[in-house]
Amino acid sequence: MNMAEERTRPAGLAAIDREMARQHADAIASYEAATPMAAKAAASLKQTGRLLLIGMGGSHAVNRAVEPLYRAHGIDAVALPLSEQLGQPLQVAGKTIFVTSQSGESAEVVRWFDETGGTQETFGLTLESRSFLARTAPSLVGSGGTELAFAATRSLTVTFALHLAILTALGEDPAAALAALSAPVDHDIAAALAAFENVSTIVTSGRRLQGVAEALALGLTELSRRPCFSLEGGQLRHGPMEMLGPEIGVVLFRGLDETASLVTAMAVSVVETGAPVILFDASGQAPVTGAVTIRFAPATGLAAIFAMLPIAQRLMIAFADARVENAGTPVRSTKITRSE
């Protein structure tokens, strides 16, 4: 037994473990309970055809991940950080608005409603039924209550389940996504961790799965306290490739969609730079030589997200645990950000 196994699990990571252990059950319960409000949100979307998704932190990453899923239904969906909407707002007239906040108490959420009064077509997505957000707007409320651990894990999965309820009401078949929640498949991350043993920074990237990449980068930064960040695949190609080398780890997400070949091309290019690559792969395509591939059953959309996210979370936690003594206990932040 090595030293890492002998020492006591940091309290912050133990708290995350508890959240993750219940995330699948809570997500399924959230999906089922959200049906009535999801129908109202879907009716609003059918009426307006336009969607503004606003939130902060992990909530914004979720918004980025579902942006293309709503667009696939013909809805003009745009995800914007709530802080940007406060400072340089897009017009809200004629749009459905989803305000997402797992706590329902973030400073920006409170200020946005104070300054705008909300709109008739505004809906909340939150984990806390007694929160400011849930009291102020008709809301889809996730099951299991507020997430207590610092980095978002269960809150992401549950919020995705709320979106699954809305997308189902729009006519999407939820079977594959629900199957991924009902029967999660574990994957070995030992080779991926070993590949990143000597990296100081991680860059995550995707195309249609870019929102998941952004969620992972946020969690990596919060837990490892390293400057891990995310760049959409095209943006990574346009100049930032200059930073790549053996000390920069790259995590790519490839799904069963029309952007898969672009992710493949990026993986090949990154391998050539000497940067270690981990490829979360639900594309059904061949592995990329030189990359550590974590293979999932071919999937797209929320089915791919639900399959990949728990494994990415485990990688994030293990990476941080190897580098930070008290990983999971914030030293410069709080779980609920009440200041701007």
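Two strands pair if DSSP finds at least two bridges between them. Helices (H or I, at least four residues) and strands (E, at least two) are DSSP runs, numbered from the N terminus. Keep both ideas at hand for the exercises below.

This is a predicted model, in which local features need pLDDT of at least 70 and side-chain atom pairs count only at pLDDT 80 or more, while totals for chains, interfaces and linings use all residues. Residues are numbered from 1 along each chain as its sequence is written, and side-chain values use heavy atoms, with hydrogens and water left out.

**Exercise 1. Find the strands that pair with E3, and describe how E3 is covered.**

Step 1. Start with E4 (residues 122-126): E3 (residues 96-100) pairs with E4 in the parallel sense, over 4 bridges. Within E4, Phe123 is the bridge partner of Phe98. To get from E3 to E4 the chain passes through helix H7 (residues 107-116), and this β-α-β crossover is right-handed. Right-handed here means that, with the strands pointing away from the viewer, the path from the first strand over the helix to the second runs clockwise.

Step 2. Now look at E1 (residues 50-55), which runs parallel to E3 and is joined to it by 5 bridges. Leu53 stands opposite Phe98 of E3, and Ile54 stands opposite Val99 of E3.

Step 3. Check the covering. Buried means under 20% relative accessible area, exposed means over 50%, and partly exposed lies in between (1.4 Å probe, protein chains only). In E3, 5 of its 5 residues are buried. Thr96, Phe98 and Thr100 point one way, Ile97 and Val99 point the other way, and all are buried.

**Exercise 2. Put together the sheet that contains E3.**

Step 1. Go on from E1, where 5 of its 6 residues are buried. E1 is joined by 6 bridges to E2 (residues 76-81), and the two run parallel. One pair to look for is Leu52 with its bridge partner Val78 in E2. Between E1 and E2 the chain goes through helix H5 (residues 58-71), in a right-handed β-α-β crossover.

Step 2. Write down the order: 5 strands form an open sheet, E2-E1-E3-E4-E5, with parallel pairing. E2 and E5 (139-141) are the edge strands, each pairing on one side only. On average, neighbouring strands of this sheet are turned by 20° against each other, direction ignored. For such angles, axes are lines fitted to C-alpha atoms (for helices over the stretch in contact), and angles run from 0 to 180 degrees between N-to-C directions.

Step 3. Look at the E5 side. E4 and E5 run parallel and are joined by 3 bridges, and Gly124 stands opposite Ser139 in E5.

Step 4. Add the helices, taking contact as heavy atoms within 4.5 Å. H4 packs on the sheet and touches E1, E3, E4 and E5, with its direction at about 140° to that of E3. H7 packs on the sheet too, touching E1, E3 and E4, and its direction makes about 145° with that of E3.

**Exercise 3. Describe how helix H4 meets helix H9.**

Step 1. H4 (residues 35-48) and H9 (residues 154-169) pack at an angle of about 55°, with their axes 8 Å apart. That makes H4 oblique to H9. The classes are: under 35 degrees roughly parallel, over 145 roughly antiparallel, 65 to 115 roughly perpendicular, and the rest oblique.

Step 2. The residues in contact are Ala38, Ala39, Ala41, Ala42, Leu45 and Lys46 of H4 and Ala165, Ile166 and Ala169 of H9.

**Exercise 4. Build the other sheet and place Glu214 beside it.**

Step 1. Another open sheet of 5 strands has the order E7-E6-E8-E9-E10, again with parallel pairing. E7 (229-230) and E10 (292-295) each have a single partner strand, so one side of each is left without a neighbour in the sheet.

Step 2. E6 (residues 201-206) pairs with E7 in the parallel sense over 2 bridges, and Thr204 stands opposite Ser230 in E7.

Step 3. Lay H12 across E6, E7 and E8 (248-254), running at about 165° to E6.

Step 4. Find Glu214 in H12 (residues 210-224). Glu214 counts as buried because its relative accessibility is 19%. Leaving aside neighbours within four places in sequence, Glu214 is in contact with Ala61, Arg64, Thr204 and Ser230.
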